[in-house]
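This report asks how the parts of one protein model are arranged. It moves from overall dimensions to domains, ligand surroundings and local backbone features.

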Amino acid sequence: MLHPNSLYYDFLKPEELTFLKKAADFCQREIAPHAAEWEEKEELPRALFTAAGRAGLMGMLAPKTVGGQELSMLCFCLVIEEIAGHCGAFAMNMAAHNALCVGHPLGYASDELKKKVFPGVLNGDWMVAWALTEPNAGSDTGGVETTATPLPDGTWELNGQKIYITMGNHSDRMIVMAVTGKDEKGKKEFTAFWINSADTTKVRKVKTSGVRASNTSEFHLKQVKGELVGQRGKGQHAALACLDGGRLGIAAMAIGLGRSAVEIAKQRMLSRRQFGKRIAEFQALQFMLADCEVELRAAEALLLQPCIMQARGQRFSLEASFAKLYASEAASRACNSALQICGGWGYTRDTSVERMWRDARLTEIGEGSSEIQRLIISRALLKAAEEKYGLAEPPPAKK
Ligand SMILES: Cc1cc2nc3c(=O)[nH]c(=O)nc-3n(C[C@H](O)[C@H](O)[C@H](O)COP(=O)(O)OP(=O)(O)OC[C@H]3O[C@@H](n4cnc5c(N)ncnc54)[C@H](O)[C@@H]3O)c2cc1C
């Protein structure tokens, strides 16, 4: 399924177009025949990650100097969209891996740590997880309770608990956010650490509604040795910057799921007959289809904007929130409509529409829920208004 919106291609370099086509072939060959089976087994095979690494999918945004593909954010998003069309769970893993697990050390690790990290995290040799969330810290990262204490040999010791971490218990290495003290204002100081996942204590694979094949993990950290990723106290800043790219990946995943579900619905509309005619002839369903297409195209347009800004070297945090918020909710609506169009068959596991519908729901929660995106957007709008108008008194009442 290469993208129907050819407008995108005008923004891609010829080598990116080639990469996108190769990624589509990879999806057809390595993912499409197995996605339903992985869903049933609730597991993604390790060999898939190795193959993805060898195909360049684990280092899409990293520069060539460290062994990456050096693709633009737009090309990365289109690849994630393509993968999501076949398997939401693997798309989520690739989105998080490239933006967070690679992006964080790439942007912030010391040269010494980078030598250890690259190219292992890019070529599929290492699976890496990115662990921020805890039982008391989700939307509010201030609730992080995992601590890191300096040891005499220059390393750190981490103690705490993490939950809902993608591939956490299947990873080889992890980036873990921990509290290392308080800043001058008395606020918790966050720092990122590189740890060996074998040193953690696995608790369980958390059973999820969607993205079942992904290993959503819970684990403890008990006297786990860690190495600084970036400077002490700069963990939150780095995490937020990486999440900008992460949110675009999740938006792309959402669009891929929505598009794929709608494709199945279209085929069903043409093949299924009721009341002596094809269900495609019922206007109620035609209108659902039209709404899905318009909303998915709007989501694509909103995703294009931050991608262009990234290519220009501009900050795109706010635009990432627009894209993530709209794309995730539009995709959920599209998958819901697609399922409705498919009727009882859509609700069964004989088709992948119901899987996509469950997978899409995750995109409204992970990497900052819809409410948190609305918070970010409204705060930015009000801050800009305050700068424009000042803290004005209410206008005088008309007499
Ligand atoms: C499948 C899956 C994979 C994940 N992978 C990872 C991972 O790899 N690494 C990682 O660190 N985390 C991961 N997470 C965690 C994910 O990022 C969090 O679930 C998400 O940020 C929401 O946090 P929460 O679940 O604690 O919800 P809560 O923060 O408890 O929120 C509950 C509800 O309150 C709302 N809410 C919270 N604060 C506000 C507010 N101020 N105003 C209005 N509404 C508010 C939320 O939007 C939500 O509706 C994953 C989660 C899932 C389900």
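The account below begins with the basis of the model and its overall form.

The model is predicted, so local features need pLDDT of at least 70 and side-chain atom pairs count only at pLDDT 80 or more, while totals for chains, interfaces and linings use all residues. Residues are numbered from 1 along each chain as its sequence is written.

The secondary structure comprises eleven helices and nine strands, where helices (H or I, at least four residues) and strands (E, at least two) are DSSP runs numbered from the N terminus. With 399 residues, a compact globule would have a radius of gyration near 21 Å, and the protein, at 22 Å, agrees with that; the radius is taken over C-alpha atoms, and the globule rule is 2.2 Å times the number of residues to the power 0.38. Taken along the principal axes, the box filled by the C-alpha atoms is roughly 80 × 75 × 40 Å.

The protein is divided into three domains, listed here with bounds that come from an automatic or database domain assignment.

| Domain | Residues |
|---|---|
| domain 1 | 6-117 |
| domain 2 | 128-236 |
| domain 3 | 237-386 |

The C-alpha centres of domain 1 and domain 3 lie 20 Å apart, and 26 residues of domain 1 are in contact with 25 residues of domain 3, contact meaning that the C-beta atoms, placed from the backbone, lie within 7 Å. On the side of domain 1 that touches domain 3, helix H2 (35-41), helix H4 (73-84) and helix H5 (88-108) each supply at least two residues, and the largest share, 13 residues, comes from H5. By class, that side of domain 1 has 16 nonpolar, seven polar and three charged residues; Ala, Val, Leu, Ile, Met, Phe, Trp, Tyr, Cys and Pro count as nonpolar, Asp, Glu, Lys and Arg as charged, and the others, Gly among them, as polar.

The ligand is surrounded by 22 residues, of which Gly138, Ser139, Thr166, Ser369 and Glu371 are the closest; a residue belongs here if its C-beta atom, placed from the backbone, lies within 6 Å of the molecule. Because domain 2 and domain 3 both give residues to this shell, the ligand lies between them. Strand E1 (128-131), strand E3 (156-166) and helix H11 (370-389) each supply at least two residues of the shell, which divides into eleven nonpolar, nine polar and two charged residues.

Two loops carry local backbone features. A cis peptide bond, with omega about 5 degrees, joins Phe118 and Pro119, and Pro119 is placed in the loop between helix H6 (111-117) and E1. Glu42, a residue other than glycine, has a positive phi near 55 degrees and is found in the loop between H2 and helix H3 (46-54).

Note on methods
Contact = placed C-beta atoms within 7 Å.
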